[in-house]
Structure formats: C-alpha cells, structure tokens
Amino acid sequence: MLKSAITVELPHVVADRHKTAGEWIRGLFGAKLDLSGDHEELTISALSLVAGLVEGFAAAGVKDVISFIVDKKVVYMDTNEVDDDLSLLLAAGEQKGILGKRFSEMHLVLSHREAGLHVLVDVRIHNRVLLGEEQMGVVLSARVEELRVQPGESAADYRARIDAFMADTARTNTDRLALDGLTRRIADKLGRALVGARTTAHPAIVQIIRPDAPQLARFRRLPFGGEVEAPRYRAVPTYQRAGAYADPFYYYYYDPYYDFMNWAMLDSMMHNAYWQSPAVLVVNPAGDALGTGDHLATVTDRWAGRDAVTFDGGGTVAVSDSIPDYDASTSPGWSAGDASAGGGDWGGADASGGDSSSSDGGSSDGGSSSSCGSSCSSGSSCGSSCGGGCGS
C-alpha cells in the first residue's frame, strides 16, 4: 500500500572490456588501445558489504531478517519468523563461504514493524552494472496493520471499516510520513556504515492496485465471518510474480484479502471523494500507472469494478454477473490455487508456508536457515528466494 525507495552508489570503477580479435592483433604491434567498457564494477568486498549492511540496519533498528541470497544460493532463511536475527548474517556468510568470494548479486529481505506499519525492506546489490545504473537499490513496501481483515468480520463490515479509515484524511499523510522517516533513517545509517557509499532516499507514496475482472471474480470465494483467514508468513515462496504483484509481501505473506482491500479503497475514493491527492498512485495489476488520486476520472474510466461488488443484508459479498469466473481454462497461466493475477496463493500447503518442495530448490526444514540448489531450473517458476527469476 505504501512504497518508498533508497538508491545507493557504492565504490566502483569502470570495468575494462575484452579485446576484440582485431584489437588483439593491433596490440601485438604496439598499438595503444582504449579498453574502457560500458560497465561499472564494485571495489568493495563481500565481507565489507555484509558487515556494513548488518551495522547499518542494526543502527536503524531494523533487525528481523527474512532471507539472504547470494547468486541464487540461500545463505540464510528464517523459516520460523525469528526476531532480531540480523546479527547471524556474518556467521551465515562465513559458513557458506561467500564473504571472501566475488559475487554477481546479493539479495537481502528484512521485516520491520513501526508506527502501525508492517514494512518489508528488499535490498539488491549488483557487482556489475551499466554505467550510470545503481549498484544497490532498497525498496520499502509497507502495509497498515489495522487495515487487515479481522476475525469474524463480514465483507460489508470490513468495507465500512476501510471507509472510516479513509474518512480521516490526516491518516494518509501520517502513514506516508512515518514510512518517509524510516526510509531516511535507513538511508542515513547505511550511508555511514558502508564506507564510500552515497545514499539517496526517495519519498513514500500510497499505491493502490485497481483490481480487474480476474481479481474481482475471486471475491466470490473469499471467506468472511467465522471463516476469515489471518495473513500467514511463508519463508519459501514458490511462484514468480509480475507487475504490481512483484512485491515482497506477495512473496512472503499470504493475505487473500489484499485485492479486496484495494477495491474497497478505490470504490470509496469514487463514492466519497476520499484521498484525491497526487501522493496516491493507482496502478493496474500489470504495474502500469493509471493516474493519481487527484485524477480519479482517468483512473476509473471503463473500470470493470465500478459498482460491480455489492453486499446483501447479512454483509455477504456479491459480484455482478458481468464479471465472469476465471479458472485455468479461461485465464491462461492462472490456476485454482491463485488468489491474484500476480500469482498469489489460495490456501494449500504453499499458502501455509509449509511446502518443502519449493521450485527454487529451497528447503523448508523447520530450522532458521536453509540452502537451495546452485540455480533455478529453466522450467520452474521460482520466487524471490532464488533471485526473482529463472532461466535468465
């Protein structure tokens, strides 16, 4: 729901390119060659990076690690939601033998709760990038904890509670500024801990996903009342997601009500003129920006969700017949196990975090860390625990 980012420039040099065959021959005759390439390479070691990450995040008060992946190999993975395990990273890196080696990509994911927000911090570091590109990027994705569905809550009651939350216009800025403060704090501490680094914190925005017909259709199967399902942590994600669903929360937390919450927010903006602010960005499931809250007519133009969801006297949700059901036969790439077009789960072993046959090769053995194979198989659909992509 809330997004912010930090870009980090790390110490680097321009990498020399390989000689062409012609240049090799010219070099034999003493020709002076310009081998300057179009890539940059880090000059900071893996040991210094990991030590700096531990020091920086600890100083910022962010100490709960979800996973640490280096070159698609699991160095550390928290399968039991152990708090305050950041200090274990250096020992895990030493045990896995990655601290003294050259690497291509590091991927660290942390969890943090502050000011009523649950924030996932997604860190990616690339050893070699094109000139001008960032070597390290940090994405913060946050959700407001009080907006999660409550046990025993009907669909209509949940929608009414979201309306009441949005009616308090100060909350938009309060939550956004809270994430801004955390973002700046992390950027400052990382800049101090990573020698030679320059950090830039980018302002937080509110992001709302505009559910389309596939997501709306699945509201028919959402359990409410006594069957409400609480969000559940899963350490080993198994599906690769795209667009707006390529988000840390979709990889590590199972919440089948998130699309419904997004629909309720956008519907409330339409009918009550709430949150009509340029700080609110609306995107479609593919991740394309549709417009900001102050241009609502553009955002909701020809939207399938306009007046498509209603509630009966008992608070049960009803979806218009104009929204067809979507299943594996009518929606390629989606199965009955998906809760969102981005590939979320709908119950089953994976949704509970207990599926030990993750397609990225990771194992879920009940310990605080696990390891996966050297790479994803080209035919698998792995999640971020294997670098976010397979066969690439």
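Among the elements of this predicted model, helix α10 (residues 348–351) has the lowest mean pLDDT, 29, while α2 has the highest, 96. For the protein as a whole the mean pLDDT is 79, and 74% of its residues reach 70 or more. Over residues 328–392 the pLDDT stays under 50, although the model still has 161 contacts beyond four places in sequence for that stretch. Where pLDDT is low, the predicted coordinates should not be read in detail.

The secondary structure of the protein comes to ten helices and 16 strands. Buried residues make up 50% of the 392 residues, and the accessible surface comes to about 16700 Å², of which 50% belongs to carbon and sulfur atoms. Of the contacts with a separation of 6 or more, 69% are accounted for by residues 24 or more positions apart.

Helix α2, the element with the highest mean pLDDT, also takes part in a helix packing. Two packed helices are described by the angle between their axes and the distance between the axes. Helix α2 (residues 46–60) and helix α5 (residues 170–193) pack at an angle of about 140°, with their axes 8 Å apart, and the crossing of α2 and α5 is right-handed. On the α2 side the contact is made by Gly52, Leu53, Glu55, Gly56, Phe57, Ala59 and Ala60, and on the α5 side by Arg185, Ile186, Lys189, Leu190 and Ala193. Sorted by class, this contact of α2 with α5 has seven nonpolar, two polar and three charged residues.

Two residues that are not glycines have a positive phi, and both can be placed in loops between numbered strands. The table sets out their values.

| Residue | Phi | Loop | Relative accessibility |
|---|---|---|---|
| Aspartate 71 | about 50° | between β4 (64–70) and β5 (73–77) | 29% |
| Alanine 115 | about 55° | between β6 (105–114) and β7 (117–126) | 55% |

Aspartate 71 counts as partly exposed because its relative accessibility is 29%, whereas alanine 115, at 55%, counts as exposed because the cut-off for that class is over 50%.

Strand β6, which comes before the loop of alanine 115, also holds methionine 106. Methionine 106 has a relative accessibility of 2% and therefore counts as buried, the limit for that class being under 20%. Not counting residues up to four places away in sequence, methionine 106 touches Ala46, Leu49, Val50, Phe68, Ile69, Val70, Val123, Arg124 and Ile125. One of these partners, arginine 124, is 18 residues away from methionine 106 along the chain, yet the C-alpha atoms of the two residues are separated by 5.7 Å.

A buried position with a charged residue is found in helix α8 (residues 258–272), where aspartate 267 lies. Aspartate 267 has a relative accessible area of 5%, so this residue is classed as buried. Leaving aside its neighbours within four places in sequence, aspartate 267 is in contact with Arg159, Trp303 and Asp307.

Key
Residues are numbered from 1 along each chain as its sequence is written. This is a predicted model: local features need pLDDT of at least 70, side-chain atom pairs count only at pLDDT 80 or more; totals for chains, interfaces and linings use all residues. Side-chain values use heavy atoms; hydrogens and water are left out. Axes are lines fitted to C-alpha atoms, for helices over the stretch in contact, and angles run from 0 to 180 degrees between N-to-C directions. Helices (H or I, at least four residues) and strands (E, at least two) are DSSP runs, numbered from the N terminus. A crossing is left-handed if the near helix is turned anticlockwise from the far one by less than a right angle, and right-handed if clockwise. Contact means heavy atoms within 4.5 Å. Buried means under 20% relative accessible area, exposed over 50%, partly exposed in between (1.4 Å probe, protein chains only). pLDDT is the predictor's confidence in each residue, from 0 to 100. Accessible areas come from the Shrake-Rupley method with a 1.4 Å probe; for residues, only the protein chains shown count as cover.
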